[in-house]
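Please work through the following exercises with the sequence and the coordinates at hand. Each task is followed by a solution in steps.

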Amino acid sequence: FAEPVKHRIVSLLGNIAPDGSATLYDVISRIAEKLNATYYPMPVPVISDTPEEREFFMHLRPVRSVFDLARKADVTFVGVGQMGADAPLALDGFVTPAVLAQLQALGAVGEIGSWIYDAAGRYIDTPRNALVGGVRVEPGQSQPVIAVAAGAAKVPAIHAALAGRIVNGLVTDEPTATALLQHK
């Protein structure tokens with residue numbers, strides 16, 4: 001007899017890159033394999049071309065099912081990206097240098113699941129955020145929302161995510177923790 005599935009691993013973000021390939025950030029399939037858990041990918045592009053396209057994807061039954069599972073998660077783990085010149089979103093082709101500059105001018109300091117936020121940890125109302133194919137982690141959740149992030153370049157983004165209560169837990173290294181405690 002097969003052992004019942006104890007865990008479900010659910011993606012918060014689309015898994016299709018701009019060129020149609022699977023994104024490099026689709027690490028949860030590997031985690032699910034190691035845990036022998038059922039895996040629910042988000043079957044949409046990371047970034048849609050238009051708000052209408054995103055809206056179409058978000059109404060598909062499999063996408064709604066994954067959204068529902070994600071919203072009911074007992075614990076959520078997220079990465080944190082910085083919005084400097086070496087922003088992962090720019091390096092990986094999810095934003096152009098011109099769009100990155102526009103986002104920086106609006107005060108963007110970080111992103112979680114491609115949702116961009118400012119230094120206070122507030123999501124920025126921008127046309128770019130309206131294209132994200134995935135679940136936005138809402139601030140102030142009672143269940144654990146744990147960021148896994150480290151590095152000097154990420155300190156402002158991590159600090160903002162904690163300050164805005166987008167995340168309520170952190171796995172990091174000692175130099176990053178020290179820098180966060182000294183961050184103003």
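The exercises below concern a predicted model and treat its sheets, a helix pair, its salt bridges and its backbone angles.

**Exercise 1. The antiparallel sheet**

Determine the strand order of the open sheet with antiparallel pairing, and state which strands stand at its edges.

Solution.
- Step 1. The sheet has three strands in the order 4-5-6, and the pairing is antiparallel.
- Step 2. Strand 4 and strand 6 are the edge strands, since each pairs on one side only.
- Step 3. Strand 4, residues 81-82, is joined to strand 5 by two bridges in the antiparallel sense. Within this pairing, Gln82 has Gly110 of strand 5 as its bridge partner.
- Step 4. Strand 5 also runs antiparallel to strand 6, residues 115-118, and four bridges connect the two. Here Gly110 is partnered by Tyr117 of strand 6. Gly110 thus has a bridge partner in strand 4, namely Gln82, and another in strand 6, namely Tyr117.

**Exercise 2. The surroundings of strand 5**

Is strand 5 mostly covered or mostly uncovered, and which helix lies across the strands of its sheet?

Solution.
- Step 1. Strand 5 spans residues 108-112, and four of these five residues are buried. The strand is therefore mostly covered, buried meaning under 20% relative accessible area.
- Step 2. Helix 6, residues 155-163, lies across strand 4, strand 5 and strand 6. The helix runs at about 70 degrees to strand 5.

**Exercise 3. Positive phi values**

Identify residues with a positive phi in the hairpin of strand 5 and strand 6 and in the loop between helix 6 and strand 8, and give the accessibility of those other than glycine.

Solution.
- Step 1. Most residues other than glycine have a negative phi.
- Step 2. The hairpin of strand 5 and strand 6 has two residues between the strands, and Gly113 takes a positive phi near 60 degrees there.
- Step 3. Ser114 is located in the loop between strand 5 and strand 6. Its phi is near 75 degrees, a positive value in a residue other than glycine. With a relative accessible area of 2%, Ser114 is buried.
- Step 4. In the loop between helix 6 and strand 8 lies Arg165. Arg165, also not a glycine, has a positive phi near 60 degrees. Its relative accessible area is 52%, and Arg165 is exposed.

**Exercise 4. The parallel sheet**

Describe the open sheet with parallel pairing: its strand order, its edges and the turn between neighbouring strands.

Solution.
- Step 1. Three strands in the order 3-7-8 form this open sheet, with parallel pairing.
- Step 2. Strand 3 (76-78) and strand 8 (169-171) each have a single partner strand, so one side of each is left without a neighbour in the sheet.
- Step 3. On average, neighbouring strands of this sheet are turned by 25 degrees against each other, direction ignored.
- Step 4. Strand 3 and strand 7, residues 145-148, run parallel and are joined by three bridges. In this pairing, the bridge partner of Phe77 in strand 7 is Ile146.

**Exercise 5. The packing of helix 2 and helix 3**

Classify the arrangement of helix 2 and helix 3, and describe the residues in contact.

Solution.
- Step 1. Two packed helices are described by the angle between their axes and the distance between the axes.
- Step 2. Helix 2 (residues 51-58) packs against helix 3 (residues 61-71) at an angle of about 80 degrees, and the axes are 7 Å apart.
- Step 3. The range from 65 to 115 degrees counts as roughly perpendicular, so helix 2 is roughly perpendicular to helix 3.
- Step 4. From helix 2, Arg54, Phe57 and Met58 meet Val63, Arg64 and Phe67 of helix 3. The contact comprises four nonpolar, no polar and two charged residues.

**Exercise 6. Salt bridges**

How many salt bridges does a search of the whole structure find, and how accessible are the residues that form them?

Solution.
- Step 1. The search yields two salt bridges.
- Step 2. One joins the side chains of Arg122 and Asp118, at 3.1 Å from N to O. Arg122 is exposed at 54% relative accessibility, whereas Asp118 is buried at 13%.
- Step 3. Another joins Arg136 to Glu138, with the closest N and O atoms 3.0 Å apart. Arg136 is partly exposed at 27% relative accessibility, and Glu138 is partly exposed at 29%.

Notes:
Residues numbered from 1 in each chain as written. Heavy atoms only, no water. Buried < 20%, exposed > 50% of the residue type's maximum accessible area, 1.4 Å probe, protein only. Pairing = 2+ DSSP bridges. Axes fitted to C-alpha atoms, helices over the stretch in contact; angles between N-to-C directions. Parallel < 35°, antiparallel > 145°, perpendicular 65-115°, else oblique. Contact = heavy atoms within 4.5 Å. Nonpolar A, V, L, I, M, F, W, Y, C, P; charged D, E, K, R; others polar. Salt bridge = Lys/Arg side-chain N within 4 Å of Asp/Glu carboxyl O.
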